[in-house]
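Subject: Structure for you to look at

Hello,

Here is the structure I said I would pass on. Please look it over first; my notes follow below it.

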There are 2 protein chains.
Amino acid sequence: MNNNIKLKKIGKQTVKLDNPPKIIAAYSIVGPKEGEGPLGSYFDEILNDDLFGKESFEKAESEMLYTAITAAINRGKLKEEDIDYLFAGDLLNQLTSSSFAARELNIPFFGLYGACSTMSESLSIASMMIDGGFANYVVAATSSHFSAAERQFRFPLEYGSQRSPLAQWTVTGAGAMLLGKEGNFPEVTHVTTGVVKDYGVKDANNMGAAMAPAAVDTISMHFKDTGRTPDYYDVIVTGDLGKVGKEITGKLLLEYGYDIRSNYYDCGDMIFDDSIQNTDSGGSGCGCSAVVSTGHFYKKMIRKEIRSMLLISTGALMSTTSSLQGESIPGIAHAVAIEFKD
Amino acid sequence: MNNNIKLKKIGKQTVKLDNPPKIIAAYSIVGPKEGEGPLGSYFDEILNDDLFGKESFEKAESEMLYTAITAAINRGKLKEEDIDYLFAGDLLNQLTSSSFAARELNIPFFGLYGACSTMSESLSIASMMIDGGFANYVVAATSSHFSAAERQFRFPLEYGSQRSPLAQWTVTGAGAMLLGKEGNFPEVTHVTTGVVKDYGVKDANNMGAAMAPAAVDTISMHFKDTGRTPDYYDVIVTGDLGKVGKEITGKLLLEYGYDIRSNYYDCGDMIFDDSIQNTDSGGSGCGCSAVVSTGHFYKKMIRKEIRSMLLISTGALMSTTSSLQGESIPGIAHAVAIEFKD
């Protein structure tokens, strides 16, 4: 009998971490377009060329992810061999960006797939690994690349296909967070894990609408499980719902009794300026919430401009095959509460 | 400072679980060909038709996974709402078998990708979640489908392409394990997490050779970390190295000082009889180690025919894109020690 394990769950989908892991370093690397956007000054590294000196966009994406992981480790004054686990995933078929980045690292590796929810998915499991006593140091990371995603999910760029105004622009970028146990850093205090939600949206050019119900479900469940209200957090940040999905999410949450609109941000809505960058509904991709959380928001926490953040990365779980077979788009969202209690 | 967390790591890549989770139920479902193979009598459910009444092989695979998950929960006399987390993954692009199965379940879901290593990957994280106090009940599951995998990774079956004698046959099947804290069941005692290994094999029709170095690395690391020797286990079971990879693994481990050959099995080598089933080097796919571990070996443990197993599912982490771009095939292997101490 194992009754000596105290259950850390509070409510249906949330765990409260007894020994909140610290995010001791973070690193963000983005493509040229992201660097020219409104958050450009926050990113740690901006590429001049989205091929990053490689022969293919896919290889460039993997190199970006490797760069983010190793730079976060270096920034934490650690070495590769100090890291107990790497949790990473990406959008490419069979997760090759992550696997090929992990190939260059002698770190035990768990591959994750949550589509664009991967930043908070990896951060969730990484945090539980430290709190549960399985690791001293863990890296959570993810990436995406516009050109690699376009040709895999839609059309090769050379076709010059027209974009829908509801479409989002996959972010070229990678972000990594290094978690540890000690030091004066922002902490992961709660993890609310999402269930898959599908309200029947079939338009793969309107993923914000497909993901919004999942975001609404996870955010409302987080508040219900923790007893917190939206004003508890300085910022509530969804991953990549874009303009359309953000508006839907804000409105739908009102029906659950939560008004998040005054402190609600969406990484996809923030990263580009559509008026000059022609990005339609906003940014998307695993890299979107990865670089905005590690670049913009983590830095704001370290500078104590904000003290608490609920990060909810959101994923659309379709494939080109499932869409061609007439399936609707299931969504998922995982929430992580990050607080700087100092 | 969080020095009150006792680190459970022993050695570089292994954790010893203080409160070993119990595998309280398991379920396996396979296609007709697997049912006709040497292990047919062990599987819980054998399909007459590998479309499983669905319109596509992909939908059939997802339904098989859903069936395995719900049947394992039922067999444990639990309900969907009792399950704290589902950890699942599969081979299809963007993990649609798992996501679409999870869509039908109101269970917090983490998607994983480890190619054919997913059974032991999901079992590893699921076990740590229970041991760490984050869950009372967790399901670990995975699936694959020959016809869905062939058309995604190789050619549509209608082309009638010739197979290489080194090729493996993707298993049509899904397996699920239900983990909990109590009762007299086999326990997960140790988890050894793999690092990515790539020795330069580029032949996607010889994945056993590509994955063997990862298996050798993780197995030898498990023995080194735990101080155990091969004779500690009644059976040492790799996932889907097939005939070629199994032979390589047994030989390579001799160089590390470990002779596992007398109690070493490979799920891919066991599931088909090539002499009458024309499966060349053996079975592969996430479903291979899933159904052989849940069907054959778990049942042998419950019947006390074996008392201890080291399960090492093995994954080849390439995609069609990475192979077309000239990349070699990285491999990974995760080991889980399962012991029935009663």
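How much area is buried between chain A and chain B, and what part of it do carbon and sulfur atoms give? The area is about 6,200 Å², with 56% given by carbon and sulfur atoms; buried area is the accessible area (1.4 Å probe) that two parts lose on being put together, summed over both.

Some conventions before the rest. This is a predicted model, in which local features need pLDDT of at least 70 and side-chain atom pairs count only at pLDDT 80 or more, while totals for chains, interfaces and linings use all residues. Residues are numbered from 1 along each chain as its sequence is written, chains are lettered from A and ligands numbered from 1 in the order in which they are written, and side-chain values use heavy atoms, with hydrogens and water left out.

Between the chains

In the interface, 73 residues of chain A are in contact with 73 residues of chain B, contact being heavy atoms within 4.5 Å. Eight salt bridges are counted between chain A and chain B (a side-chain nitrogen of Lys or Arg within 4 Å of a carboxyl oxygen of Asp or Glu). One salt bridge joins the side chains of A:Lys9 and B:Asp84, at 2.7 Å from N to O. There are also 31 residue pairs in polar contact between the two chains, both residues at pLDDT 80 or more. A polar contact is a pair of N or O atoms within 3.5 Å; within protein, one must be able to donate a hydrogen and the other to accept it, and residues adjacent in sequence count only if both atoms are side-chain atoms.

Elements that each supply at least two residues of the side of chain A that touches chain B include helix H2 (57-75), strand S5 (85-90) and strand S15 (331-339) of chain A. Helices (H or I, at least four residues) and strands (E, at least two) are DSSP runs, numbered from the N terminus. H4(A) gives the most to this side, with seven residues.

Chain A superposes on chain B by a rotation of 180° with 0.0 Å of shift along its axis (RMSD 0.0 Å); the fit is by least squares on the C-alpha atoms of residues with pLDDT of at least 70 in both. That is the relation of a two-fold axis. The same surface serves both copies, as 100% of the contact residues of chain A recur in chain B.

Between the domains

Chain A is divided into domain 1 (10-180) and domain 2 (187-339), with bounds from an automatic or database domain assignment. Their C-alpha centres lie 17 Å apart. Contact between the domains takes in 63 residues of domain 1 of chain A and 64 residues of domain 2 of chain A. The two domains bury about 5,000 Å² between them, 61% of it on carbon and sulfur atoms. A:Gln13, A:Tyr42 and A:Gln168 supply 17% of the area that domain 1 buries against domain 2, more than any other three residues.

Three salt bridges are found across this domain interface. The side chains of A:Asp280 and A:Arg163 meet in a salt bridge at 2.8 Å, N to O. The domain interface also has 26 residue pairs in polar contact, both at pLDDT 80 or more.

Over all chains, the structure holds 44 salt bridges. A:Lys299 forms one with A:Asp44, the closest N and O atoms being 2.6 Å apart. A:Lys299 lies in helix H10 (residues 286-302) and A:Asp44 in the loop between H1 and strand S4 (45-46) of chain A, so the pair ties together parts that are 255 residues apart in sequence.

Regards
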